[in-house]
Amino acid sequence: MVTKTLNVSRKHEIKEKFYLIAVLQGMWITLKYFCRGFFLWKSYTINYPEEKRNYSQRFRGMHFISYDENKIENCTACYLCQTVCPAECITIIAEERDPLKNPSGVWKEKKPKSFDIDALRCCFCGMCEESCPKDAIKLSRNYELATRTREQAIYNLDHLKREVKGRG
Amino acid sequence: MDLINIVATLIKIILLFAISLTAVAFCTWLERRGAAWIQGRRGPCRVGPFGLLQPVADGIKFFFKESFVPEKSNKFFYLAAPILTLTIPFLAMVSIPFAENLYILNHEIPMRIARFDSGILLVIAFTGLEVYPVMIGGWASNNKFSVLGSLRAASQMIAYEISMGLALLSMILVYGTFDMNEMVRFQEKWMWGCFINPIAALIFWFSIFAETNRLPCDIPEGESEIVAGYHLEYGAMKFALFFMSEYVAMIMASALIATLFFGGYSLLPGFSLVEKGIVALFSIRSEIVNHNLFIIFQLLSIFLKIAFFMFVFIWVRWTLPRFRFDQLMDLGWKILFPLALANVLLMGIVSYFFIYR
C-alpha cells in the first residue's frame with residue numbers, strides 16, 4: 001500500500017511567524033497568574049489534610065449500613081445487593097433473628113450474621129444502594145479509604161454499622 | 001600585594017560563595033513556589049514559614065542518601081564531573097564587577113575577586129568550559145542514556161556558544177573595551193547596552209537559555225526520551241551538585257547580562273535620589289564615606305538586577321514549552337547565527353560612524 005501525504009499549507013501572517021509577540025503574550029498570562037498566587041494567595045488546590053473538599057451529596061464513598069433507633073440494622077439479609085453487585089464484592093451470611101431481641105415492633109425475621117464488603121473489589125457503582133428495599137446499605141461521602149493492610153479494606157458488619165451523620 | 005588586599009580577597013571569595021549558594025537555595029524554593037503560583041497551585045509550604053526551609057530539608061535528604069558509584073564507570077571522571085560542574089560557573093563569576101572600588105583604611109579594594117583588564121575574555125573562557133563536566137559526566141557514567149544526554153548537551157551548547165560569542169563581540173565593538181568596569185562606565189555615560197544594541201541583547205539572552213540548559217532549551221534533560229539526561233547515574237549529593245550548578249550558572253549568566261546589557265552596577269533610576277537624600281539627611285561630609293555609601297547602592301542595584309533576571313529565568317521556564325531538537329538546532333544555526341553575524345557588521349558600522357567618530 002502506498003501512503004500518500006498531503007501537505008496542507010497554512011497561511012501565517014508575518015506577525016504570527018515572528019514568534020516573539022506570541023511569547024510575550026504567554027509571558028503576560030503567566031505573570032498574571034504568578035501575581036494572583038503571590039499577592040492574593042489564590043490557588044485551585046487546597047492544603048489537603050487540613051482542609052477538605054466538600055463533595056456533592058451524591059458522592060459515593062465508603063459504605064455503611066443504616067440502623068434504627070434501637071441500634072438494630074435495617075438489613076434483612078435479602079441478598080439483593082449481593083446478587084446485583086457487578087464486582088461481586090459483597091458476601092452475606094444470613095441467620096434468623098432472635099424475636100426476643102426485637103423490640104418496638106420492628107418485624108425483621110432475618111438478619112445478617114456476617115456482612116463483608118471487599119472495598120478493594122468494589123467499583124462504587126452504587127447499585128447495592130439502589131437495589132436495597134430497606135435502604136439499609138448506603139454509600140457515605142467519606143473518600144478516605146486508605147488502609148495499612150489489605151485485610152482492613154474488607155469491611156465487616158461492625159465497621160459498616162458505624163455512626164454516619166447525614167451521608168457522612 | 002599586602003596583607004589587607006589578601007584578607008579582602010579572601011573575604012570577597014567567601015562572601016561570593018555564601019551569597020551565591022544562599023541565592024541558589026532561595027532560587028530552588030522560588031522555582032517550585034513560582035511554578036506553583038503560575039499553575040494555580042500552592043507549592044511547598046510546610047517546612048518553615050512559607051516553606052522557605054524546604055531547600056534545607058532537601059539538602060539534609062541529599063546528604064543522607066546513599067552515595068554510590070556505578071561499577072563499570074570511569075571512577076575518576078565520574079567523580080570529577082560534579083566537582084567541575086559547580087566550580088566552573090563560580091570561576092566565571094570571578095571577574096564580574098559588582099561595584100566600583102571600595103575605600104577601606106586608605107586601601108582601594110576592587111569589588112570583584114580578580115582584577116583583570118580583559119575580564120570578559122575570562123568569562124567567555126569559563127562559560128566555554130561549562131560543556132565539559134556535562135560531557136565528562138555523561139560519558140564516564142557508562143550508560144547509553146546519559147551519553148545521549150551529554151551528546152545533545154554538547155551539540156546544543158556549542159551551537160549556541162557561537163551566537164553568544166558573536167553577540168558579545170558586537171557589544172565589545174560598541175564599548176571598545178574588554179574591561180567590564182569600563183563597559184559599565186560607558187553605559188552610565190551613554191545608555192544601557194540593550195537600548196544601543198537590542199538585537200544582540202535578544203540573541204545573547206536566548207543563547208544564555210541554551211547555555212544554562214534552562215527550559216525552552218532543556219534538551220539535555222528529557223524524562224520521556226532519555227531517562228533523565230547526563231546526570232542519570234548520579235545520586236545523592238553528586239546529583240545535588242549538578243542541580244546547584246545549574247542555578248549558579250543562572251546567577252552567573254544573570255550577572256553577565258546585567259553587566260553587559262542592563263548597566264551592571266550603575267544605579268537603577270531613582271536610587272541616586274535616595275542616595276543623595278541619605279547624604280543630605282545625615283549631613284555626611286567625608287568624601288570616602290559618601291563614596292562607600294554610593295557603592296552600597298551600586299551593590300543593591302546590581303543585586304536587584306540579578307534577582308530580576310533570575311526571576312525571568314523561572315518565569316520563562318514555566319511559560320514556554322520546550323523545543324524539539326531539530327527546531328533548536330534550526331534556530332541556533334539558521335536564524336541566530338546569521339543574525340548575530342549581520343549584527344556584528346551593523347554594530348561595526350554604528351560604532352565607527354556614531355560612537356567613536
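**Reading burial and overall form in a two-chain model**

Colleague: What percentage of the 357 residues of chain B count as buried?

Modeller: A residue is termed buried under 20% relative accessible area, exposed over 50% and partly exposed in between (1.4 Å probe, protein chains only). In chain B, 54% of the 357 residues are buried. The model is predicted, so local features need pLDDT of at least 70 and side-chain atom pairs count only at pLDDT 80 or more, while totals for chains, interfaces and linings use all residues. Residues are numbered from 1 along each chain as its sequence is written, chains are lettered from A and ligands numbered from 1 in the order in which they are written, and side-chain values use heavy atoms, leaving out hydrogens and water.

Colleague: How many helices and strands does chain B have, and what does its radius of gyration indicate?

Modeller: Helices (H or I, at least four residues) and strands (E, at least two) are DSSP runs numbered from the N terminus. Chain B has 13 helices and two strands. Its radius of gyration is 21 Å, close to the 21 Å of the globule rule for 357 residues, so chain B is as compact as a globular protein of that length. The radius is taken over C-alpha atoms, and the rule is 2.2 Å times the number of residues to the power 0.38.

Colleague: How does chain A read by these criteria?

Modeller: Chain A comprises five helices and five strands. Its radius of gyration, 28 Å, is well over the 15 Å that the globule rule gives for 168 residues, so chain A is more spread out than a compact globule. Its C-alpha trace spans about 90 × 60 × 30 Å along the principal axes, and 28% of its 168 residues are buried.

Colleague: Within chain B, why is helix α9(B) described as largely enclosed?

Modeller: Eleven of its 14 residues are buried, so the rest of the structure largely encloses α9(B). Among those buried are Phe204(B), Trp205(B), Phe206(B) and Glu211(B). Contact means heavy atoms within 4.5 Å. The cover over the buried residues of α9(B) includes α4 (119-129), α6 (144-175) and α10 (236-261) of chain B. Just after α9(B), Asn213(B) has a positive phi of about 55°.

Colleague: Is Thr28(B) buried or exposed, and which residues does Thr28(B) contact beyond its neighbours within four places in sequence?

Modeller: Thr28(B), in helix α1 (residues 3-38) of chain B, has a relative accessible area of 12% and is therefore buried. Beyond its neighbours within four places in sequence, Thr28(B) is in contact with Pro55(B), Phe243(B) and Tyr247(B).
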